[in-house]
Amino acid sequence: MVFCFVALGIFAVAGIFSARYRQFAKEAFSCAFRRITLRKCTTDFDNKMKMKISTSIAKKSPKAGNFIYKNFTLLSWILVIITLASLVYGVYGLYNFLAFGNCNGPNSDGTCIYSEIVTPECDCGAVGCNEEQYYGTCDYNCECVKERCRQA
Amino acid sequence: MNIERIRQDFPILEKRFGGKKTVYLDNAATSLTPKQVIEAENSYYLECNANIHRGLHKMSEEASRKYEQAHADAAKFVGAKMEEIVFTKNCTESINAVMYSLLSQGFFSPESEILVSRLEHHANLVPWQQAAKRTGAKLRFIELNPDYTLDMQDFEAKINKNTKLVAIAHASNTVASIQPVQEIAKIAHESGALCLVDAAQSVPHTEVNVKKIGADFLAFSVHKMLGPTGLGVLFGKKELLEKMNPFLFGGEMIHSVSYNSSEWNTLPWKFEAGTPPIAQALGLSAAIDYLKKIGLSEIQEHDRKLLEYAFEKMRAIPDIKIFNPMDSKKQGPIVLFESKHLSAHDLALALDEASNIAVRSGMHCAEPMVSSLNPKGLCRASFYLYNTKEEIDLFAETLSRLLKVFK
């Protein structure tokens, strides 16, 4: 079973906010680590999660609960593939962002999540924009516009 | 027996997970603890937190008196003399104490035979495996009848003049069958063998009298009879304990010590090396008081009613197979079962998730026995004095619903 790989990411984040999920994150890590090192998972973590999830869902929808119970391995693989695909796409976007200033690649002005994270709240306008301002924070002497400064 | 009033003594029964109370059906693993026992254990730390048999000050004297009283209470509870009651860490250690002591005296030889049953808990199997391994003795097994009770004919056929010890569970922790230990002890003695009874599953539920049973040793756990964890009891006949070597050495168990030799203390302290579990012993006294106040015959009757009710409910659930004698006179309050559609672990997890129902799953520390019934393990629901018919209703309803959902 591969659910521990997906669970590790989810519970690592959820664990920041709740001690309960921190314990799950530890179990998921232990399980994932053992899988990577080609050993058997000793905590029965995947199965525990399978029953928790399918039983909880079955309370509201028995059919959905049964579906998850019976197809848990397949669903886990789908989630792992989606997670891996997202990861690859994310890393590729980061590379584009660092190389070309936009995660969609050169000559693109599409939305880029990294720009939102890295770019200061306001940026200097094109007029008077220089390299220092591009890499630095917003200069209070500049007039702030939404558009980001670009290198020539 | 006023169950509602009894339940008020167990604060943990009010604990909620996701807004729902827990239905505790794992009593064969450990029982819940009433507030009287918790208070008694606390009273050691609040009133007489001192080591026993060492200090001359008042606190130590009070702790010593209460600790000795716990031995007296335990002795009276099982019809023994105070010096015949040894406190250990748990039932497993009690059995190991006998095993190591007999081993140290060369009790077993390559010609010896040790007779145990097929249904033993690991605690009453592994020590004798080791004894056989270390001495070359032969470990033999008494077979079971189809209803999981002991095959007495097989027992009588297997016991012989080479049999040095018969080690048997009074009540099984899996199939729950009750063994005729009185008869077994008699037959063992006629053959010249010693008899050890593992009474971990019987002492909490029924009146046990060591004189009536006639066994040489009887071991049980305190945490299964409303007491605290970390304390076990070993009964041994005085004349045997006097001859036996201690298996733990150090303080408390000695009478005098020189650089080259030591003399052992009197019974039972000879077998209690080091600082003992004093607070837990006070808890044991309170647990015994509690059980006596309600009455073991009342508890046994309540257990029987619950068991019969559980059988009635579970028989109505399709795809469930039960591995018990299915007769409340032949067994303890345990239902061992499997389902066609869910593994034991899946079922236990689902019961917990769906309705906070705590049952045990797996091999139940009796792997040879359980794996012979289902190599993947079984589920076990076990009842005690605070369980109710309503809880069994919820258990049966949830079980039935889950089996329909996960069919």
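Q: Is B:L226 buried or exposed?
A: In this predicted model, local features need pLDDT of at least 70, side-chain atom pairs count only at pLDDT 80 or more, and totals for chains, interfaces and linings use all residues. B:L226 lies in the loop between β9 (217-221) and β10 (232-236) of chain B, where helices (H or I, at least four residues) and strands (E, at least two) are DSSP runs numbered from the N terminus. B:L226 has a positive phi of about 75° although it is not a glycine. Buried means under 20% relative accessible area, exposed over 50% and partly exposed in between (1.4 Å probe, protein chains only); because its relative accessibility is 0%, B:L226 counts as buried.

Q: Which residue in the loop between α12 (344-355) and β15 (357-358) of chain B has a positive phi?
A: The residue in that loop is not a glycine, yet its phi is about 55°. Its relative accessibility is 9%, so it counts as buried. The residue is B:N356.

Q: Which peptide bond is cis, with omega near 0°?
A: The proline of this bond, B:P268, lies in the loop between β12 (262-264) and α10 (278-294) of chain B. The cis bond runs from B:L267 to B:P268.

Q: How much area do chain B and chain A bury between them?
A: The contact (heavy atoms within 4.5 Å) takes 12 residues from chain B and 15 residues from chain A. In chain B, B:E353, B:V405 and B:F406 lose the most area to chain A, together 50% of what that side buries. Buried area is the accessible area (1.4 Å probe) that two parts lose on being put together, summed over both. Of the total, 57% is on carbon and sulfur atoms, and the total is about 1200 Å².

Q: With which residue does B:D346 form a salt bridge?
A: A salt bridge is a side-chain nitrogen of Lys or Arg within 4 Å of a carboxyl oxygen of Asp or Glu. The count between chain B and chain A is two. For B:D346, the closest N and O atoms are 3.9 Å apart, and the partner is A:K50.

Q: How many cavities of 30 Å³ or more does a search of the whole structure find?
A: A cavity is a set of points, on a 1 Å grid over the protein atoms alone, where a 1.4 Å probe fits but cannot get out. About 40 Å³ of space lies in the largest cavity, a volume being the space filled by probe spheres set on the points, which are joined across faces, edges and corners. Residues with an atom within 4 Å of a point count as lining, and B:H205 and B:Q201 are among them. The number found is one.

Technical notes
Residues are numbered from 1 along each chain as its sequence is written. Chains are lettered from A and ligands numbered from 1 in the order in which they are written. Side-chain values use heavy atoms; hydrogens and water are left out. On a 1 Å grid over the protein atoms alone, a cavity is a set of points where a 1.4 Å probe fits but cannot get out, and a pocket is an open set with protein on both sides within 12 Å along at least five of seven lines; lining residues have an atom within 4 Å of a point.
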